[in-house]
Amino acid sequence: MSEQIPVIASNDGLYRLKWEYERERTSYTDLLCFGTADMDYRSPEPILDAMRGVLDRGHLGYPMIPERYYEVIHNWLLSIAGWDIDARCSIAQSAGIYMGAWAIISLLTRPQDMVTILTPVHFCYKEILRLNNRKIIECPLELIENGYSINFGRLEACFASGSRLLWLCNPHNPIGHAWTKAELEKIAELCLKYQVYIISDDVYCGLLFSGTSYTPIASLSKEISRYTVTLYSTSKTYNTAALRHAFLVTENPEIYKKYREFLTSMSMDYGQNIMGIEATIAALGECEEWRRKVMEKIMAAHRFLEKYFEENMPMCKVIKSDSSYFAWIDMRALKIQPQMLTHLLEQEEHMIVENGYFLGKGGAGFIRFNLACDEEHLKEGAARLKEFCFKHI
Ligand SMILES: Cc1ncc(COP(=O)(O)O)c(C=O)c1O
């Protein structure tokens with residue numbers, strides 16, 4: 001495995017939700033954490049240099065967003081997806097992906113409106129919709145031999161039943177699949193047929209395995225783009241979640257105007273997080289080599305875990321994926337109530353992973369294991385999973 005990406009030690013006095021919070025909560029000194037979706041790697045030097053540059057300039061007053069920010073995003077979307085947007089008229093900022101997603105949901109739907117999600121999906125989707133009084137329509141993904149597929153008949157039924165919006169995740173957390181152009185074309189066709197708007201959360205689009213390509217659904221046609229808002233952030237690919245900076249892209253001028261008004265209504269257009277602006281410029285403009293190295297490391301970790309399961313506990317299985325640092329593992333063969341899986345793993349093996357049970361229909365019996373970690377932790381985590389499997393088979 002590649003050793004060129006420095007790993008942040010797990011005992012160096014940081015304040016991480018992934019490690020220190022869980023250690024304090026459990027009091028286990030040998031706890032291993034594979035839960036929270038960030039990386040144990042040091043963020044790229046160009047980003048850290050950009051942060052230092054801000055501090056050296058010594059001005060932390062309201063920043064303006066420089067032209068370079070729009071240029072970099074424009075060039076990045078063009079290079080990764082051939083998507084040529086008019087950056088100045090279609091990009092707006094938000095304090096994280098979910099704040100932007102929620103703002104768009106509130107602009108495009110009303111309380112009690114139906115919103116479709118493809119499950120299993122990151123638990124925040126359901127939580128945000130539920131707490132904001134939207135009706136959740138779950139369209140479960142179908143497990144096939146080599147991963148997952150969408151049941152388009154079922155998706156059409158969701159739309160036909162009155163869904164106003166589809167909240168897409170591309171690549172999809174937790175299954176780690178980047179939707180193909182063909183899959184997105186079918187989704188787009190149905191959305192246009194039923195006039196369903198789309199929020200596409202593409203926060204994981206920088207974490208593709210080699211040989212996989214990324215298509216933003218909005219890039220398929222001007223028509224579907226008018227129905228779509230796409231959300232991006234450097235948070236997952238370049239490990240900058242603490243900066244709370246994301247941006248959305250919409251080529252629908254009305255949605256764009258409404259969103260800008262929303263920002264004004266919260267006084268959020270007056271000054272953005274300067275670190276987020278600088279990090280975005282550095283990440284999308286200067287960190288391609290770092291990203292490639294990280295992907296080599298993550299792909300090697302995937303291969304390792306897949307093989308480890310095949311050789312040691314074939315009753316369970318790492319599901320094939322093509323993106324992200326998640327291994328989505330089928331543990332349904334174990335004699336455990338699905339909602340207890342992670343609780344028992346924590347108690348018996350002192351390890352934290354995400355429980356698929358809480359990610360919507362189709363998630364029960366699965367766990368999500370974050371592979372963006374130290375090599376030794378990965379091996380030890382795999383060994384603890386083996387112990388666990390043999391205890392409960
Ligand atoms: C699918 C998905 N979208 C959005 C987020 C949140 O991103 P951010 O913290 O950058 O707003 C997460 C975090 O885990 C996620 O998994």
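Start by selecting Pro174, which sits in the loop between strand 7 (163–169) and helix 8 (181–194). Helices (H or I, at least four residues) and strands (E, at least two) are DSSP runs, numbered from the N terminus. Now show the residue before the proline: Asn173 and Pro174 are joined by a cis peptide bond, with omega about 20°.

Before moving on, a word on what you're looking at. This is a predicted model, where local features need pLDDT of at least 70 and side-chain atom pairs count only at pLDDT 80 or more, while totals for chains, interfaces and linings use all residues. Residues are numbered from 1 along each chain as its sequence is written.

Keep Asn173 selected and bring up the ligand. Asn173 is among the closest residues to the ligand, along with Ala37, Gly96, Ile97 and Ser235. In total 13 residues surround the ligand, counting a residue as near if its C-beta atom, placed from the backbone, lies within 6 Å of it. Colour that shell by class and you get 7 nonpolar, 5 polar and 1 charged residues. Here Ala, Val, Leu, Ile, Met, Phe, Trp, Tyr, Cys and Pro count as nonpolar, Asp, Glu, Lys and Arg as charged, and the others, Gly among them, as polar.

Next, there's another cis proline to find. The peptide bond from Thr119 to Pro120 is cis, with omega near 0°, and Pro120 lies in the loop between strand 3 (114–119) and helix 6 (123–131).

Now colour by domain. The assignment gives domain 1 (17–42 + 289–392) and domain 2 (48–286); such bounds come from an automatic or database domain assignment. Across the boundary, 26 residues of domain 1 are in contact with 29 residues of domain 2, contact being C-beta atoms, placed from the backbone, within 7 Å. On the domain 1 side, pick helix 12 (288–312) and strand 12 (326–330), the elements that give two or more residues to the side touching domain 2. Helix 12 supplies the largest share, 4 residues.

Which residues have the most contacts inside the largest nonpolar core? Select Ile198, Ile199, Leu231, Ile329 and Leu371; the core they belong to has 111 residues. A nonpolar core is a set of buried Ala, Val, Leu, Ile, Met, Phe, Trp, Tyr and Cys residues joined through C-beta atoms within 7 Å. Buried means 20 or more other C-beta atoms within 10 Å of a residue's own, exposed means 12 or fewer, and partly exposed is in between, with C-beta atoms placed from the backbone. Both domains give residues to this core, so it lies between them. Zoom in on Leu231, and you'll find it touching Ile97, Ser200 and Ala246, among others.

Stay around there for the loop between strand 9 (228–232) and strand 10 (246–249), home of Asn239. Asn239 has a positive phi near 60° and is buried, with 22 C-beta neighbours inside 10 Å. Arg244 is found in the loop between strand 9 and strand 10 as well. Its phi is positive too, about 50°, but Arg244 counts as partly exposed, with 16 C-beta neighbours inside 10 Å.

Last stop: helix 13 (residues 341–349). Select its buried residues Leu341, Thr342, Leu345 and Glu349. What covers these buried residues includes strand 15 (366–370) and helix 14 (375–392). Turn to the face pointing away from the buried side, and you meet the exposed His343 and Gln347. Just after helix 13, His350 takes a positive phi of about 55°.

Note on methods. Two residues are in contact if their C-beta atoms, placed from the backbone, lie within 7 Å. Lists of a residue's contacts leave out its neighbours within four places in sequence.
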